[in-house]
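Trainee: Hey, have you got a minute to look through a structure with me? I'd like to start with the rings.

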Amino acid sequence: MKIDLYYSPGSPPCRVVLLLGKALGLNFNLKSISVQAKENMTPEYLKINPQHCIPTIVDNGLILWESRAIITYLADRYGKDDSLYPKDLKKRALVDQRLYFDMGTLVSSMRQYFTKKILGSKLEADDITKLENAFELLDKFLEGEEWVAGSNITVADYAIVVNVSITEAFGSRGLDFDISKYHNVTRWFSNAKKTMVGFSEIEGKGIEESMKRIDALRAQRN
């Protein structure tokens, strides 16, 4: 039985699940959901996910949303070994810490910074500092390490790589944040792009969708 995945290719959290699925050799039954068209607010979808967010999976009766919960579950259930999400408590704790850093620090600072840039709102010094601090921390995590939680690639790399990817894309769109000064991050990012199965395809399509939405928002603003 295939796993149903309710998703949108332009959604970074959805791309995290897609990338991890490729690594695990999973064949999702893809069900496209347009948040812009409010397809996530239909009675049918709300029965599945009353929080009406994407991604959401349905796997043999289990309904699960939140991308980080999904990827840890998938790695536990379908991984050929425990390298992606270690069973050793100390190793797993480090992976979890990186996942919480991604959610609570990196994504939070990105949202605060780029939402204002896209909408043309005034940036406060704190907005810039928080994003710079997040990347400085990530750079520190990668000092002397190949991957974000040590010597092996884990689910934390899949979560974080998509957010670094979108940050790089935003920077190339004139939104003024350059990741190249974070040398450990750029080294890791280059390696991740070559290592992760399907990265170019999944991220290429996703970034294109994201940039279309951003261009539309900026056009409305002007």
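**Rings, helices and cysteines**

Mentor: Sure. Keep in mind that this is a predicted model. A good place to begin is a cluster in which ring pairs link Y113, F114, F135, F170, F177 and Y182.

Trainee: OK, and how many aromatic pairs are there?

Mentor: The count comes to 10 aromatic pairs. One of them is Y113 with F177, an edge-to-face pair with 5.8 Å centre to centre and 70° between the planes.

Trainee: Where do Y113 and F177 lie?

Mentor: Y113 is in helix α4 (residues 89-119), while F177 is in the loop between α6 (155-175) and α7 (183-195), so their pairing ties together parts that are 64 residues apart in sequence.

Trainee: Are Y113 and F177 buried or exposed?

Mentor: Both Y113 and F177 are buried.

Trainee: What sits over the ring of F141?

Mentor: That's the charged end of R98, at 3.9 Å from the ring centre.

Trainee: New topic: helix α1. How many residues does it have?

Mentor: Helix α1 (residues 12-24) has 13 residues. From first C-alpha to last it reaches 19 Å, close to the 18 Å expected at 1.5 Å a residue.

Trainee: Which residues in α1 are buried?

Mentor: Among them are C14, V16, V17, L18 and L19, and R15 is buried as well. Just after α1 comes G25, with a positive phi of about 75°.

Trainee: What is S67 in contact with, leaving aside its neighbours within four places in sequence?

Mentor: S67 is in contact with P13, V17 and P55. S67 belongs to helix α3 (residues 67-78), and S67 is buried, with a relative accessible area of 6%.

Trainee: And the strands? In which sense do β3 and β4 pair?

Mentor: Strand β3 (residues 56-59) and strand β4 (residues 62-65) pair in the antiparallel sense, over 4 bridges. V58 has I63 in β4 as its bridge partner. The hairpin has 2 residues between the strands, and N60 takes a positive phi near 50° there.

Trainee: Last one: how many disulfides does the structure hold?

Mentor: It holds 0 disulfides.

Trainee: Why is there no bond for the sulfur of C14?

Mentor: Because the closest cysteine sulfur, in C53, is 9.1 Å away, which is too far for a bond. A disulfide needs the sulfur atoms within 2.5 Å. C14 is buried, with a relative accessible area of 0%, and C53 is buried too, with a relative accessible area of 19%.

Key. Residues numbered from 1 in each chain as written. Predicted model: local features only at pLDDT ≥ 70, side-chain atom pairs only at ≥ 80, totals over all residues. Heavy atoms only, no water. Phe/Tyr/Trp six-rings, centres within 6.5 Å; stacked < 30°, edge-to-face > 60°. Buried < 20%, exposed > 50% of the residue type's maximum accessible area, 1.4 Å probe, protein only. Lys NZ or Arg CZ within 6 Å of the ring centre and 35° of its normal. Expected span 1.5 Å × (residues − 1). Contact = heavy atoms within 4.5 Å. Pairing = 2+ DSSP bridges.
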